Amino acid sequence: MNAKFVVFSIIGGVAVTLLTGFLTNTVLLGAEHYGYPMAWLIRLVLAPEYFPWRVNVLNLIIDLIVWTIVAGIVVAVLTRRRKG
């Protein structure tokens, strides 16, 4: 495993995680949740007089790990296809 593979996997994982922050996951009473597979960004709808955005750090870390693994698999498949 070389450094380029790891860097591309991490960059891809971070990019996909941040892009899923634009997708609505669930809408519960008073809040909208964003992010896949775990909802890590929460927007309060009912009482937004203060800063309405909240970040669930544990779910964000889980998403980063999941999407970094997925990006690593994609990078591995693409590099093996070009070599063989």
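Reader: In which sense do β3 and strand β4 pair, and over how many bridges?

Author: This is a predicted model, and in it β3 and strand β4, which covers residues 53-55, pair in the antiparallel sense over 3 bridges. One of the partners can be named on each side, since I42 has R54 in β4 as its bridge partner.

Reader: Before going further into the strands, how many helices and strands does the protein have, and what pattern do they follow along the sequence?

Author: The protein has 2 helices and 4 strands, and when it is read along the sequence the pattern is α-β-β-β-β-α. Helix α1 takes in residues 3-20, while helix α2 takes in residues 57-83.

Reader: What order do the strands have in the sheet, and which strands are at its edges?

Author: The sheet is open, has 4 strands in the order β1-β2-β3-β4, and is paired in the antiparallel sense. Its edge strands are β1 (24-28) and β4, each of which pairs on one side only. From one strand to the next, the twist averages 20°.

Reader: How many bridges join β1 to β2, and which residues stand opposite each other there?

Author: There are 4 bridges joining β1 to β2, and these two strands run antiparallel. Among the facing residues, L28 stands opposite A31 in β2, and T24 stands opposite Y34 in β2.

Reader: What joins strand β2 to strand β3?

Author: Strand β2 (residues 31-34) and strand β3 (residues 41-44) are joined by 4 bridges and run antiparallel. A31 comes up again at this point, for it stands opposite L44 in β3, in addition to being the residue that L28 faces from β1.

Reader: How should I read the backbone in the hairpins, and which residues take a positive phi there?

Author: The general idea is that most residues other than glycine have a negative phi, and that most peptide bonds are trans. In the hairpin of β1 and β2, with 2 residues between the strands, G30 takes a positive phi near 90°. In the hairpin of β2 and β3, with 6 residues between the strands, G35 takes a positive phi near 115°.

Reader: Where is a cis peptide bond found?

Author: A cis peptide bond joins Y36 and P37, with omega at about -5°, and P37 belongs to the loop between β2 and β3.

Reader: How is a pair of aromatic rings described, and how many such pairs does the structure hold?

Author: A pair of aromatic rings is described by the distance of the centres and the angle of the planes. The structure holds 1 aromatic pair. The rings of Y34 and W53 have centres 5.9 Å apart and planes at 40°, so the pair is tilted. Because Y34 lies in strand β2 and W53 in strand β4, the pair ties together parts that are 19 residues apart in sequence.

Reader: Are Y34 and W53 buried or exposed?

Author: The cut-off needed here is that buried means under 20% relative accessible area and exposed means over 50%, with partly exposed in between. Y34 has a relative accessible area of 10% and is therefore buried, whereas W53, at 34% relative accessibility, counts as partly exposed.

Reader: Turning to the helices, what does S9 touch, and is S9 buried or exposed?

Author: S9 lies in helix α1 and counts as buried, at 5% relative accessibility. Leaving aside residues up to four places away in sequence, S9 touches T68, A71 and G72.

Reader: Where is I69 placed, and how far apart are I69 and G12?

Author: I69 has its place in helix α2 and, at 51% relative accessibility, counts as exposed. From C-alpha to C-alpha, I69 and G12 are 9.4 Å apart in space, although they are 57 residues apart in sequence.

Reader: Finally, what radius of gyration does the protein have, and what does its C-alpha trace span along the principal axes?

Author: A compact globule of 84 residues would have a radius of gyration near 12 Å, but the protein has 16 Å, and along the principal axes its C-alpha trace spans about 55 × 20 × 15 Å.

Reader: How much of the protein is buried, and how much area is exposed?

Author: Of the 84 residues, 26% count as buried, and the protein exposes about 6100 Å², of which carbon and sulfur atoms supply 73%. As for contacts with a separation of 6 or more, residues 24 or more positions apart account for 31% of them.

Methods
Residues are numbered from 1 along each chain as its sequence is written. This is a predicted model: local features need pLDDT of at least 70, side-chain atom pairs count only at pLDDT 80 or more; totals for chains, interfaces and linings use all residues. Side-chain values use heavy atoms; hydrogens and water are left out. The radius of gyration is taken over C-alpha atoms; the globule rule is 2.2 Å times the number of residues to the power 0.38. Buried means under 20% relative accessible area, exposed over 50%, partly exposed in between (1.4 Å probe, protein chains only). Contact means heavy atoms within 4.5 Å. Accessible areas come from the Shrake-Rupley method with a 1.4 Å probe; for residues, only the protein chains shown count as cover. Two strands pair if DSSP finds at least two bridges between them. Axes are lines fitted to C-alpha atoms, for helices over the stretch in contact, and angles run from 0 to 180 degrees between N-to-C directions. Rings of Phe, Tyr and Trp (its six-membered ring) pair if their centres lie within 6.5 Å; planes under 30 degrees apart count as stacked, over 60 as edge-to-face and the rest as tilted.
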